[in-house]
Amino acid sequence: MMEDALLYLRVSSKGQEDGYSLDAQEKLGFEYAKKHNLNIIKVWRGAESAWGKIERRKFGQMIDYAKKHNNVRHIIFDILDRMTRNDSDKIKIVDLVRSYNKTIHFSRSNKIYSRESSPDDEFMLDIEVAVAKKMSNDISRKTTMGMKEKAEQGIYPSNCPLGYVNNHKTGGIDVDPQAAPLVKELFERIASGSYSLAMMEEEMFAKGLRHKTRHTKIPKTTLYRMVYNPFYYGEFMWGHKMYKGTHTPLVSKELWDKATAMLGNTHRPMSCKKKYAFRGLLRCKVCDCTVLGETQKGHIYYRCSFSKGQHAHKGYIREEELTHTFGNVVKTISISKDFGGWLLDGISQISTQQGQLTENRRKVLQDDYNKTKGKLSKLYDFALEGQLNHDMFAQKERELNNTLQTLQNSLDAMGKDKTEIFGKAHQTIELLSNLSNLYEKADNFEKANILKLVGNYYILDGREIQADFRLPFNHLARFAQEEHQPLEKAIKNLPSIGKVLTEPKGSSFAKWGGVHLRLPCCYCLPA
C-alpha cells in the first residue's frame, strides 16, 4: 500500500545549475517516491535563500501542513542542504520526526532519517547540517564582500529602483526609457507643492507608471520612499555608507531637495484616497496637529488628527463653513477697488515727491563733490609751486580724499532705482483690491492657493481661524487689529502708510514677489 508524502524543492537562485534545478529535483523526487512506494500529494517549489533574517515562508508552510495532516508520514528533499542550512530549520525537522513521527527522505543520496535512526545516523545528520551551514556562511560572506566591492565601484549591488533596469550583461544599471520620464515628472510635481501623494498615485497610474513586478498601481507609501531615495540624483546608500553611483541621475540634487523638503512639511502619506482642498493647511491650536479632511455621508469635514492625543474630540467642521470662515480671514486684508485707486494715487504722489527730494539732494551732493574736487586740484597746484611743506600737503590731501569718498558713496546710494520698490507697492495694492473677489469666484483648491499666497500658516481654534500672514500682509492685518476697525479706515488713520507700503522692513516685497507666482489659476501679477 502506498503512503502519502510531501515533496519540497528549493534552489538558492533562478540561476541554479541544471543538475540542481527545480525540474531536475522534481523528476528525481517522483522517481524516488515511485521506487519506495510513496504517493506525493503536494509539492512545494521555490527559489529562495535558506539563510537570513527572514524565515523561508514556503518551508514554514510545508512544516505546518505536515503537522496538521496525520496521513502524511513522509517528506522528500533532494539533498540535505536543500532541507536546511541552519540550526533553526534543523530543530523543526527533528521535532517533526520525534513528535509527529514523520520520516525524512533525501532522494539524491538515498538517505532516510526517522525515529528508528541510530544515534550514529543522527550524529552524521548533525555533521552534515554543520557543513551545510559553514558552506552557506562562506557563500554569504563572499557575496557580501562582492557587493561591497561593487558599491565601491559606484554600481548599486542589488535590484535598482523604478525608473531603471539592471543590465545583467554588463552588470551595470540602465535608464528605463518608459518609466524614467514619469519618475522625473513625479519629482517635479511633488516639488511644486501643488500635488499630494494621493493625487500622484492616481495620475501616475493613469499615465502608465506601474509596479515593476506586479504591474499594479504604486501606493503612496512607495511613492514616498521613491522621493526620498538618493539613487535618483546619483547616489545610493549601502552598508550604512553613501556612495557616488555611476548610473545616470534622473533628477538634479536641487530638484530632489525641493521634493523632499515639500514632503517634509507634511505628514507621511495617509491611507486617505480623497482629494481635500484644505488638507494640511490648518493646524490645531490645542495640540499643533495637522487638520485632516474626510468624507461622511457625502459631505466633506475637517478635524484635528489627534495624533498627539493632547485633548478630547472637538467635533468636525464642514468644508462649506470652513470656506466661509477662510473668506472672513481674507477680508481682513482686502480693500475695495475705489480705495485701492485712492492708495495708488497717494503712492504716486509720494513717489513724485520723493523723486523731487532725491533730485534736489543729488544736486547738492554733486555740487559739494565738484567743489571738493576743485580744492584738491588747487592743493596739487600749491604743492607743485612749493607753497606747502610735505606734512601739510599730506594731511590736506587725506582730508579732501576722505570727503570725496563720502560724497561719492552718498551719490551711489541715491543712484539706486526706487522704481522697483514703488512697483511692488502698486502690485500689493492691486492684489489687495482684488483679493476678496478672487477668493469668492475660485473653487476650493484655488481658494487654498490664495490662502497659501497670503499666509504662512493658519490655526484652527474651535470654529475660528487665526492667520499668520506673510509680509507685507501681516503689517496691514496688524494695523486693522490695533485700530479695531476695517483695514481701509485703519490705513486712512496712518500717516506713514506710504512708508509702510514702499519701504517695508527687510526684504518683504522681494520675498512676496516670488510668492505670487504660486497662484497660476486665479490671479498672476506681472513678474
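A total of 18 aromatic pairs is found in the structure, which is a predicted model. A pair of aromatic rings is described by the distance of the centres and the angle of the planes. For W44 and Y65, the ring centres lie 5.6 Å apart and the planes stand at 65°; because this angle is over 60 degrees, the pair counts as edge-to-face. W44 belongs to strand β2 (residues 38–44) and Y65 to helix α2 (residues 57–68), so the contact between the rings ties together parts that are 21 residues apart in sequence. The two partners differ in their accessibility: W44 has a relative accessible area of 7% and is therefore buried, whereas Y65, at 22%, is partly exposed.

A further edge-to-face pair is formed by Y156 and F236, with 5.4 Å from centre to centre and 75° between the planes. This pair links distant parts of the chain, 80 residues apart. Y156 is located in the loop between α5 (119–152) and β6 (164–166), while F236 is located in strand β8 (residues 235–238). Both Y156 and F236 are buried. Y156 and F236 also belong to a cluster linked by ring pairs, whose other members are Y164, F187, F231, Y232, W238 and Y243.

Aromatic rings are also approached by charged side chains. The charged end of K217 is placed over the ring of F205, at 5.5 Å from the ring centre. In a second case, K253 lies over the face of Y233, with a distance of 5.3 Å to the centre of the ring.

The packing of helices was examined for α6 (residues 180–192) and α7 (residues 197–207). The axes of α6 and α7 come within 11 Å and cross at roughly 155°. Since this angle is over 145 degrees, α6 and α7 are roughly antiparallel to each other. The crossing of the two helices, α6 and α7, is right-handed. On the side of α6, the residues that meet α7 are L182, E185, L186, R189 and I190. Their counterparts in α7 are L197, M200, E203, M204 and K207.

Finally, the surroundings of a single residue, T372, were considered. T372 is part of helix α11, which spans residues 337–384. With a relative accessible area of 9%, T372 falls under the 20% limit and is therefore buried. When neighbours within four places in sequence are left aside, T372 is in contact with L400, T403, L404 and L407.

Conventions:
Residues numbered from 1 in each chain as written. Predicted model: local features only at pLDDT ≥ 70, side-chain atom pairs only at ≥ 80, totals over all residues. Heavy atoms only, no water. Phe/Tyr/Trp six-rings, centres within 6.5 Å; stacked < 30°, edge-to-face > 60°. Helix = DSSP H or I, 4+ residues; strand = E, 2+ residues; numbered from the N terminus. Buried < 20%, exposed > 50% of the residue type's maximum accessible area, 1.4 Å probe, protein only. Lys NZ or Arg CZ within 6 Å of the ring centre and 35° of its normal. Axes fitted to C-alpha atoms, helices over the stretch in contact; angles between N-to-C directions. Parallel < 35°, antiparallel > 145°, perpendicular 65-115°, else oblique. Left-handed = near helix turned anticlockwise from the far one by under 90°. Contact = heavy atoms within 4.5 Å.
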